[in-house]
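Good morning, and thank you for the opportunity to present. I should like to walk through one structure today, and I ask that you keep the display in view as I speak.

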Amino acid sequence: MTYLSLSVADQIKGRFRIGGTFYLVVHNVDQEAYITIHGRHDKILLQSLPDLPFVQSSCGQDQIIAGDGGVFKIIEAVDNPSNTTVSQTIDTITSNDTGLHLNGTIKFTNCQHIGYSFKLQELSEKQLDFSIQLGIAHDNKDHHRIIFNFKSNAHEDFYGFGEQFSYSTLKGQKVPIFVREQGIGRGEEPVTSILNDPSGVFGDFAGGDSFTTYCSVPQFLSTDNRSLVLHNSEYSSFDLRKDDRVSVRLNATLLEGRLFQGDNLLDLVSEYTSYSGRMHLLPDWISDGAVVGIQGGTQKVRKVIRQLQHHNTPIAAVWLQDWCGKRLQKTPNGVEFKRLWWNWESDDTLYPDWPTFVNDELRSQNIRVLSYVNTFLANVEKKQSYRNNYFLEAEAHGYLVKDPSSTSKHQTLIISSGTDFEAGILDLTNPDAVVWFKSIVKQHVYDAGVSGMMTDFGEYLPYHSEKVSLHSGISSEVYHNRYPQEWAKLHSELVHEIGLEDEAVCFYRAGFTRTPGFINLMWTGDQNVAWDAHDGIKSAVTGMLSGGFSGFSITHSDIGGYTTISAAPLLELVRSKELLFRWMELSAFTAVFRTHEGIIPELNAQFYDDEESLAYFAFYAKLYTSLSPYRKKLIQEAHTRGWPLMRHLVFYYLHDPIVRRITYSQYLLGDSLLVAPMLAPSMSHVKVYLPKEEGVTWRHVWSNQSFTPTGQDISVETPFQRPAVFIKEPRQDGGLLDEFIAFTAEQSNA
């Protein structure tokens, strides 16, 4: 039997209006049928393929396997003609003032069929909502998946999907949309294979792969000036491997999404972020100096501050993640290091008289304090001293996620984040739990005078409902990706409730579609203390630029990286002084200049190790501060327009094929600074690509040499304290770069 991929009822012909701007055209020529959806200026926004149904369904279970520490491995069921619909009909089309409704069936080779509806509704002249509903009945209840196909072309590049750390354009890839730990290595060898070895000491698939990320969003922008986002939170994937098509695969029977059209990519970001939410303004104070990450207690903090002040280092805040105390942990091979006690009160041993230290001592020096909170609560019965055991309190009140298979009294779901490191997860679907947790954070963080925190995690919730019971009854298949979004919402609500929305800074690593509308700072999570492009300094740049396409417009990374491994002779990852220095250079041209000592501080080079390191840190803290007027303008643009501070060059040079494939080698800070960070060891030059552009030059800030952009590479010297940075001329910054220019001129003449 021969099947037509798409067949249309005889009475359905021509053009069908969708509101005032959009319209749909049914094409049916020589037994080849397809549809096109047109937007402004009659531009085709979406087109089906003549040889492929635009709506399909398949059966079979995807495997989403959970390991320890928030890692997941995804194995999709294979979609083939034996389990996937092969043809589609359009039987009726009805319309009203703003929308259009298509009905038909999708069929299998055995003639079994499923009804579907495809709805389109105009929201504005640049935004179109759409949905696909399958009519699942008892005899086809296993077909719980929708596949949505539409046309692409070999020259269409795709950006976004949240923070993607391995690729800029995702053309040619299949992108899974799932929030999870990003893994350690992510393709860098031998570290990834060692961490992914199920028989090894690190556990199953802890190394991750090219698509493991804390921040995953079912959204893209394309160089055809169109964007798509799914409203769904169930697991989905975007298959961009074939030149002529996009296939969106969703584990649900109702797919809901939105299409956007833009005049250019920045306009498209603005349209998209009007849906996702735009990041809140960062307070001015954080742009006026370094955020200094220190661990070790009151005396250590005082000592490091004195060292920094000796070098006249501008300090905006100290970030004291160990304010809640530290506990000894061992790696599987016996290496000892310290983790935090996840019990959200100050530790009397490390920080006695915490409020006085925060308010009277540090704030009197105009130094703010940032702390640390995450989504977990650990039982602190083994802690040397504590005032409250919030795990037991939460468990007794039913504020933690439950495991329906557990035989324990409270059925608390216990997660593992390493050997002898277990905790419960706050159930954000329980309104009483949210109110209770807010009261703890208010009492122990904000009432103590703290100005914000690293609001960590959000990706650990198991995916399958048989392993999770949530207070609201929502399935974890729906809620897993939403969890970090709700975590951000909790903290946004809290700072507004206590009137600190213009003061507090909370920075996140996990995110989903609507997260940007609840936060004022993102960070890229845990990179290895390494140079590589998979999980080192290069990947941090790729991730920051990628997030900018998905609304994560104000972002930064840990200076020096985080993940440190001491497992000789098997594996060693230790931060060198050179890597630390180059990461300082990079971070001076991001939203926030913040250090991290890493997971094993004593093994890593630190900015306070010696006079050279302290002087180098002071230099870049001053350079970062000199950019404050310009950066504040970019933060305002991020808030009002959704534009990222760090911008991939494709925003401005859309049709340049070299620009489209830039990953980490260079970026624009706003529209007036071109930055090409040094991201390789033992090198003294970088290559910088200057896309062809008439009427402008790029002036190297250290030498004052101007370069005409002709679409060629130039080679630029990059000794320490002389990163490759260029100002666009004629200047377009309105004088906001004057302080930066004065600083670089002074240093060049020193």
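In what follows I shall go through several sheets, a hairpin, a helix pair, a cysteine and a loop residue. Please bear in mind throughout that this is a predicted model.

I begin towards the N terminus, with a sheet. Four strands make up an open sheet in the order S2-S3-S4-S5, and their pairing is antiparallel. Strands S2, residues 14-18, and S5, residues 44-47, are at the edges; each has a single partner strand, so one side of each has no neighbour in the sheet. From one strand to the next, the twist averages 20 degrees. Strand S4, residues 32-38, is joined to S5 by three bridges. Which residue of S5 is the bridge partner of Ile37? That partner is Leu46.

As general background, strands of a sheet pair through backbone hydrogen bonds, and may do so in parallel or antiparallel fashion.

Let us turn next to the hairpin of S7 and S8. Strand S7, residues 63-66, and S8 run antiparallel and are joined by four bridges. Within this pair, Ile65 of the hairpin stands opposite Lys73 in S8. Five residues lie between the two strands, and Gly69 adopts a positive phi near 70 degrees.

In a regular strand, side chains alternate between the two faces of the sheet. Strand S8, residues 72-75, shows such an alternation. Phe72 and Ile74 point to one face and are buried, whereas Lys73 and Ile75 point to the other and are not buried.

I move now to the later part of the chain. An unreviewed UniProt entry annotates residues 642-729 as "domain: Glycosyl hydrolase family 31 C-terminal". The C-alpha atoms at the two ends of this span are 25 Å apart, and the span is 5% helix and 38% strand.

A second open sheet deserves attention. Its six strands follow the order S36-S37-S38-S43-S40-S41, with antiparallel pairing. The edge strands, S36 at 646-647 and S41 at 706-707, each pair on one side only. Strand S37, residues 667-669, runs antiparallel to strand S38, residues 673-676, and three bridges join them. One of the bridge pairs is formed by Leu669 and Leu673, the latter in S38.

Next, a pair of helices. Two packed helices are described by the angle and the distance between their axes. For helix H11, residues 611-626, and helix H14, residues 738-749, the axes come within 8 Å and cross at roughly 145 degrees. On the H11 side, the contact involves Phe619, Lys622, Leu623, Thr625 and Ser626; on the H14 side, it involves Glu739, Phe740, Phe743 and Gln747. These contact residues comprise four nonpolar, three polar and two charged.

What of disulfides? A search of the whole structure finds zero. Consider Cys506: the closest cysteine sulfur, that of Cys324, is 15 Å from its own, which is too far for a bond. Cys506 is buried, since its relative accessible area is 7%, under the 20% cut-off.

I close with one loop residue, Ser553, which is found between helix H9, 537-548, and strand S33, 555-556. Is Ser553 buried or exposed? Its relative accessibility is 2%, and therefore Ser553 counts as buried. Beyond its neighbours within four places in sequence, Ser553 is in contact with Met279, Ala638, Gly642, Trp643, Pro644 and Leu645.

Thank you for your attention.

Methods
Residues numbered from 1 in each chain as written. Predicted model: local features only at pLDDT ≥ 70, side-chain atom pairs only at ≥ 80, totals over all residues. Heavy atoms only, no water. Pairing = 2+ DSSP bridges. Axes fitted to C-alpha atoms, helices over the stretch in contact; angles between N-to-C directions. UniProt positions renumbered as here; feature names shortened; annotations may be inferred. Contact = heavy atoms within 4.5 Å. Nonpolar A, V, L, I, M, F, W, Y, C, P; charged D, E, K, R; others polar. Disulfide = S-S within 2.5 Å. Buried < 20%, exposed > 50% of the residue type's maximum accessible area, 1.4 Å probe, protein only.
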